[in-house]
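Good morning, and thank you for coming. Today I would like to walk you through one protein structure, part by part. Please look at the sequence and the structure as they appear.

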Amino acid sequence: MAELLVEGCNRLKGEVTVQGAKNSALPILAATVATADESVLYNCPRLSDVDSAVKILRYLGCSATFSGHSLVVDTKGLCCDHIPDALMRQMRSSIVFLGAILTRLKTAKLTFPGGCELGARPIDLHLDALSRMGATISEKHGEIVCAAPKGLVGANIALAFPSVGATENIIIAATRAKGTTVITNAAREPEIEDLCAYLNSCGASIRGAGEGTVVIDGTDKLHGTAHTIIPDRIVAATLMSAAAVTGSDITLRGVISSHLSAVIPVFEEAGCDIRIKDGDLTINAPGRLRAFSTVRTTPYPGFPTDAQAPLMAVATLAQGTTVFVENIFENRYKHASELVRLGAKVRTEGKVAVVEGVRELYSSSLQGSDLRGCACLAVASLAAQGKTTIDTTGYLERGYENFDVVLRNLGANIKMI
């Protein structure tokens, strides 16, 4: 059990370097399997989800060693084609190992992945794509068994939805498939671009990363490389939210502002002054925020679903009414009822949440239920009168490195126990 203790109403001040992106590190770690070589990953965040990926790599026979925020991964020793259920359940991104193992060993066996309970996130798109690439797939006793005895072959794959995980799985699998694979309606997230940059540095031939159509020409062999993981745009949005609710002035270093192009205008509409220069983003928040127009989560380059929860904490103290429409996951408002415990006025119905801003929030005892929901509650607690306790049950550590330390260094009264 992990519990966050927050004493609110402290203004924040200072600067912080944004950690490496979790959603970039995880697929890249899976992709190292396809290289059969050594890679060095710089700016790799120290997170429980990354630890889970490292455990999977070691189970498969690979080596992975951290030195600070540099991770050295050697996958030459891969000797196992399956991932046990206990490791698969630790995170949703474990499914992206499927394409990597299959393209390398021609067989792969694993169970359904775990992760936060945000609603249905079927892996049908992953399995259908791999079957189009020549894999035979069967399910027995909850285990997914994939085989491509003659190797995977290129295919034209049109995704019904621009799934990030499916796009990553297909790209990794296609790098060593015979022929050319074309993905249409591919996910366009920056983390997809980062994965492709890593693989191209390993000798892959991938065109169109970050666009709706991605073309991968298969190659017989990939080699290792050194790669620096991009900064985490969701962590940046969370820290911006912390500054906004506390009327603070902070600077985020190492930010790629274009990755926040859908988020920055929302803060500006709320009355925050944002300045960007040479990879630094400074946010200066007013004493009282304004409500912002309807926030609709959509695939990139739209507003990210992972930023919805932290921004809802901002809306609770904004003058006026804000409407959120969650179009990605159906169970992503679990934090709303906990915000009400702080004195917020939030109503939800289906995929819509209506937030009527209040003058003050008050401390309470809260229960987190997922990664971004815990971040939302922590952000709101920074602006609440009194001392708030949040049972995070280990969720925050999945996506935020030393979350309490980062905020404490900015002046927050916060501690993880």
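Let us begin with strand 14, which covers residues 249-253. Of its 5 residues, 4 are buried, so the strand is largely enclosed by the rest of the structure. Please keep in mind that this is a predicted model.

Which strands pair with strand 14? Strand 2, residues 13-17, pairs with strand 14 in the parallel sense, over 5 bridges. Within that pairing, leucine 252 of strand 14 is the bridge partner of valine 16. Strand 16 pairs with strand 14 as well, here in the antiparallel sense and again over 5 bridges. There, aspartate 249 stands opposite asparagine 284 of strand 16. As a general reminder, the strands of a sheet pair through backbone hydrogen bonds, either parallel or antiparallel.

Strand 16, residues 280-284, also leads us to a loop, the one between strand 15 (273-277) and strand 16, where aspartate 278 is found. Aspartate 278 has a positive phi of about 50 degrees, although it is not a glycine. In general, most residues other than glycine have a negative phi. Is aspartate 278 buried or exposed? Its relative accessible area is 73%; since exposed means over 50%, aspartate 278 counts as exposed.

Histidine 141 may be described in a similar manner. It sits in the loop between strand 7 (136-140) and strand 8, and its phi is positive, near 55 degrees. With a relative accessibility of 81%, histidine 141 counts as exposed.

I turn now to helix 4, residues 97-105. Here 8 of the 9 residues are buried, so the helix is largely enclosed by the rest of the structure. The buried residues are Phe97, Leu98, Gly99, Ala100, Ile101, Leu102, Thr103 and Arg104. What covers them? The covering elements include helix 1 (22-35), helix 2 (48-59), strand 6 (107-111), helix 5 (124-132), strand 8 (143-147) and helix 6 (164-174). Directly after helix 4 comes lysine 106, with a positive phi near 75 degrees.

Next, a residue in another loop. Asparagine 185 lies between strand 10 (180-184) and helix 7 (190-201). At 35% relative accessibility, it counts as partly exposed. Leaving aside residues up to four places away in sequence, asparagine 185 touches Leu159, Ala160, Phe161, Pro162 and Gly212. How far apart are the C-alpha atoms of asparagine 185 and glycine 212? The two residues are 27 residues apart along the chain, yet their C-alpha atoms are separated by 5.0 Å.

Let us move to a sheet further along the chain. It is an open sheet of 4 strands, in the order 17-18-20-19, and its pairing is mixed. Which strands stand at the edges? They are strand 17 (295-296) and strand 19 (345-349); each has a single partner strand, so one side of each is left without a neighbour in the sheet. Strand 19 pairs with strand 20, residues 352-356, in the antiparallel sense over 5 bridges. In this pair, glutamate 349 stands opposite valine 352 of strand 20.

Helix 10, residues 308-315, lies across strand 18 (321-325), strand 19 and strand 20, and runs at about 165 degrees to strand 18. This helix is mostly covered, with 8 of its 8 residues buried. They are Gln308, Ala309, Pro310, Leu311, Met312, Ala313, Val314 and Ala315.

The loop between strand 17 and helix 10 contains proline 301. A cis peptide bond joins tyrosine 300 to proline 301, with omega at about 15 degrees. In general, most peptide bonds are trans.

Finally, let us consider the spaces inside the model. A search of the whole structure finds 1 cavity of 30 Å³ or more. The largest cavity holds about 40 Å³ of space. Its lining consists of Val18, Pro231, Asp232, Arg233, Ala236, Val255, Ile256, His259 and Leu260. By class, these are 6 nonpolar, 1 polar and 2 charged residues.

There are pockets to consider too. The second largest pocket contains about 320 Å³ of space. It is lined by 17 residues, and the closest to its centre are Val245, Gly287, Leu317, Arg359 and Ala383. The lining divides into 8 nonpolar, 5 polar and 4 charged residues.

Thank you for your attention.

Technical notes. Residues numbered from 1 in each chain as written. Predicted model: local features only at pLDDT ≥ 70, side-chain atom pairs only at ≥ 80, totals over all residues. Heavy atoms only, no water. 1 Å grid on protein atoms, 1.4 Å probe; cavity = no way out; pocket = protein on both sides within 12 Å on 5 of 7 lines; lining within 4 Å. Points joined across faces, edges and corners; volume = space filled by probe spheres on them. Nonpolar A, V, L, I, M, F, W, Y, C, P; charged D, E, K, R; others polar. Pairing = 2+ DSSP bridges. Helix = DSSP H or I, 4+ residues; strand = E, 2+ residues; numbered from the N terminus. Contact = heavy atoms within 4.5 Å. Axes fitted to C-alpha atoms, helices over the stretch in contact; angles between N-to-C directions. Buried < 20%, exposed > 50% of the residue type's maximum accessible area, 1.4 Å probe, protein only.
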